[in-house]
Amino acid sequence: MMTIRDAVSPEANHRLGSAITRPDQDRYGFVHVAHHLRLAIERLGRKGSAVIGIEGPWGSGKSSLLTLLETELRSKPEPRTFILKISPWLNGDSVSPVSSLLLPVAGIVDTEEMKQAPWWRWLWLWLRKRKKSAFIILQYLQTTSRHLASISDVAALIPGVPNTGSLFRALSKISLKEKKKTAAELRSDIATRLEKLDLSFIVLIDDLDRLEPEQAVEVVRLVKSVADFPRFRYILCYDRDVLASAVTTGMQVSDGATYLQKILQLTFSLPKPESFDLRREFTSGACALFCEVNGEEPDASIIAAIENAADNYGKQLNTPREVRLALDALSFRYPGVCDYVYFPDLCLLQLLRVTNAPLYDWIELYLTERSVVVSGDGMVSESDTFGLAEKLWNCLQMYGNDKAGTAFTLNEWIPGIRPQQDDDPGIFIEESEERETSATVSRRLASITYWRYYFAFSAPQNILLPEYFTELFALAARPDSAEKLASELLSRINSNGITSRTWFEHIVSQLTGRVIAGRSFEECAGLLRFFFNYNDGVRLLFTDRNAWFSWQTLGIEQVVHDLLRRMLSLKRKRTICLLSALFTRGSAWFWAAQFMRNLLVKNGLAQYYPAPEAERLLTDDELIMLRQSFAVRMRDRAVTDNLFIFDNLLRYMHAWEDIDLSNSVAHWVQAVCQNDDGFLNLLLRFRSTVHSSHQGTYLELRLEYFAELAAMSKEDIRSRLDRLAQQPEWSETVRELRNDSDE
C-alpha cells in the first residue's frame, strides 16, 4: 500500500509547487503538453523562422513547461539544431539580451566552421580576421548593441558560452571606425553563412513578465529586428497582460497588446490546472510536511480535516505558485509550533493567507478581541462589533454563493459566528462549554488558550527549558515525592511577570503529547496522581485570582489524556487499576466527574456521537467498570455534602446524570430544595458564565433544566422566589437571581 511518504517523496517532488527541473517531478500533466508542443515546433521546419508565445499568469507553471520542453527538444534533437535558453531577468542590467543570444551563437558558429574547414584554411581566416562567421556576428553585435562593453568581459558573464579564448580577446579590440558594412549588410551576411553551414537555432526565453519596461523592450527589439534571422525559432514565456503593460510603457505606444500581436506569430495559452488538482497538491504537500515534522503519517481524521479545509477554501487557488506559497508558509511555521496547534487549522489559515488575505487578517483581529471578551478582561462596543461584522461580510463576498462564503461554514473553524441579521451582527456569539473545552483539549484555532500560536512565528519565548521538565518528571517518578511535586506545581499558580498567564499555565501548555511520549510509566503515573488529587484545588486557586476564570482554557484534560495514552501503551492492566483507584479515592472528584463524562462521550456512552476509534482511550467494558464504581462515589454523602464549595454546578450535574444512570441527581436536587436556604444556594450555583462582546462577562440562570430536576414548574419557582423576596434575609439574593434569570 502506498504511503504518503511514497506519494510525496523528496526525490520525486523536491518542493511541491516550485518550478520543476525533471519530468518525474511533474504533477500537473505538463510533460504531455511539452511533448505535443515539441511536435508542433518540429512541424514548423528547420529552415523557417517563427516566434511562439507561451502565455500564462504568474505562477501558472510557465518555467516548468519551458524546462520540460527543453528536455523534450534535447531528448530527440533535430540535426544541426542548437537549443539556447536565455533568462534576461537573471542577467540583470550588466548583459543585454542581444549579447546573451549572439555571443553563444558566435561561439557555436565558430566551432562548426572549425569542424568543416581544413586547418590551413582556418589559420588563413584567423590571420585575416575578416571573413570568419564568428567575427561577423560579433561585429554585428557591436553594431547593434546599445551597450558597447568589452565583448570578452561580456562573454565571461554568459554561462554556457563555448571557450573561444583569444578570438574574443582579439575581436574585443575592434574599433567601430573599422566597420564598413552596415547592420543590414552584416545581418544578410550572417543569414547566408547560417544557410551555408546548415545551422538552426531554437531560442527559449523565460521570465519576460519579470523585466523592467526598458528590458522588455530590449527583448522585443531582439526578436523583432536584431536577431530576426532565418532558421531561428523563438519560444517566449510571459504573462500577456504584464508584458503588454511593460511594452506600452517602455515603447510609449498606445496599446502594447496590439504591438505584441505584430511580433508573436503563434501563441499558446498555458492550460490552467484544475482547482481539484491544486487542492490535491496542497493536501499531499501538507500531509508530507506532517510526516516530516512528526515522524509519522497523519491519521484519517487529520487528513479528512485538511481535505475539508482545502475543499472549502482551496477552490480559490489559481496557480501552482499559490500552492507553493501556502506550503512554504506551512513549512516555515509548523515545526516551531507543532506541539501547540491542530495542524489542519494551521493549513486553513495558510490557505486563506494566500487566497484571501483580508479574511486572514480579519480572523486574527477577531480572535484577539474575542480572547479579551471570553477572559473577562474587557468588552467590545456595539459600534465596533457591527463594524467588525461588516468587514467580515466584505471578506466573504469573494466566495459568491459558494458555501465558503457562509457564516455556518466559517464557524466550523472560527468560534462565535452565525448569519447576520438587521439587529444581530452575527459575531461574538456565545459557544457551548463543550465546544470551548474540546477546542482547548485539541489545541484548535477556536481555543482562547492556543489561538495565538497560530499567528506567532513560533512558540512564545517565555517558556520553560527542557531541563525543568526533566526534573519535574524525575520528581513525579519518586513515590515519596508526591507532596513535593504538588508544592512545586501549585506554587507556579502565580504571575510570570511577562504575560497575563501564570507559570502553571505555561507548564501545562508544554506538557504536550510529544513531550509525554518519551516518558516512563512511573513518571506519567506521578503526574496523573497529581491531577486527580489536586485539580479541584487548582480550580479554586484560579477562581480566587479571577472570578471569571474559565477552566477549559487550561487544557489539563488533554495532558491527562496524553498521560493515560502513554501509560496504557506501556502497562495497560496497571493503568486501569490505577485509574479505578483514582476515580474512587482521588481528592479531585469534582474535576474527575467532568473527565469521566468526556471519556464516556468519546466512546458514545453519553448520548452523544462517538469519537473516531483512534481517539478513544478505553474499551467500552473498561469504561463501564470505571463508571459504575465512580457513580457509587458520586452518591456518597462525603461528596454531595461538599458540592456547594464549587460554583457553576450546572456542568457537574450534567456529568453526574451521564455517569450515574439512576435518578440520584434529581433525588439530591429535590432533597436540597426542601429548605429555602438550599433552594436559593442551588439556584445561585446553577448560573453559567456568558461572554458578550458589548456586555462583557456575566452570569445567566436558565430555569428549564433546574425545573426539570427539581420537579417544579417555572411558575412554581417564580412563586417561591416572590415569597422569599418578602423576607429581609433573602431579598438581596432573590433580586440577584431575578437579574440573572433568562425569564
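## Val665: a buried helix residue

In this predicted model, Val665 has a relative accessibility of 2%. Val665 therefore counts as buried, since the cut-off is under 20%. The residue sits in helix α33, which covers residues 664–672.

Which residues does Val665 touch, leaving aside those up to four places away in sequence? The contacts are Met653, Trp656, Glu657 and Leu709. Met634 lies 31 residues from Val665 in sequence. In space, the C-alpha atoms of Val665 and Met634 are 9.5 Å apart.

## Cysteines

How many disulfides does a search of the whole structure find? It finds zero.

Two cysteines can be described by their accessibility. Cys237 has 0% relative accessibility, so it counts as buried. Cys577 has a relative accessible area of 54%. Because exposed means over 50%, Cys577 counts as exposed.

## Two positive phi angles

Most residues other than glycine have a negative phi. Arg80 is not a glycine, yet its phi is positive, at about 55°. Gln252 is not a glycine either, and its phi is also positive, at about 55°.

Where do these residues lie? Arg80 is in the loop between α3 (62–75) and β2 (81–86). Gln252 is in the loop between α12 (240–251) and α13 (256–261). Their accessibility classes are as follows. Arg80 is partly exposed, because its relative accessibility is 30%. Gln252 is exposed, because its relative accessible area is 73%.

## A five-stranded parallel sheet

Five strands make up an open sheet. Their order is β2-β3-β4-β1-β5, and the pairing is parallel. Why do β2 and β5 (266–269) count as edge strands? Each has a single partner strand, so one side of each has no neighbour in the sheet. On average, neighbouring strands of this sheet are turned by 15° against each other, direction ignored.

Strand β2 (81–86) also bounds the loop that holds Arg80. At the β5 edge, the partner is β1, residues 50–55. How many bridges join β1 to β5? There are four, and the two strands run parallel. Within this pair, Glu55 has Ser269 of β5 as its bridge partner.

How values were computed: Residues numbered from 1 in each chain as written. Predicted model: local features only at pLDDT ≥ 70, side-chain atom pairs only at ≥ 80, totals over all residues. Heavy atoms only, no water. Buried < 20%, exposed > 50% of the residue type's maximum accessible area, 1.4 Å probe, protein only. Contact = heavy atoms within 4.5 Å. Disulfide = S-S within 2.5 Å. Pairing = 2+ DSSP bridges. Axes fitted to C-alpha atoms, helices over the stretch in contact; angles between N-to-C directions.
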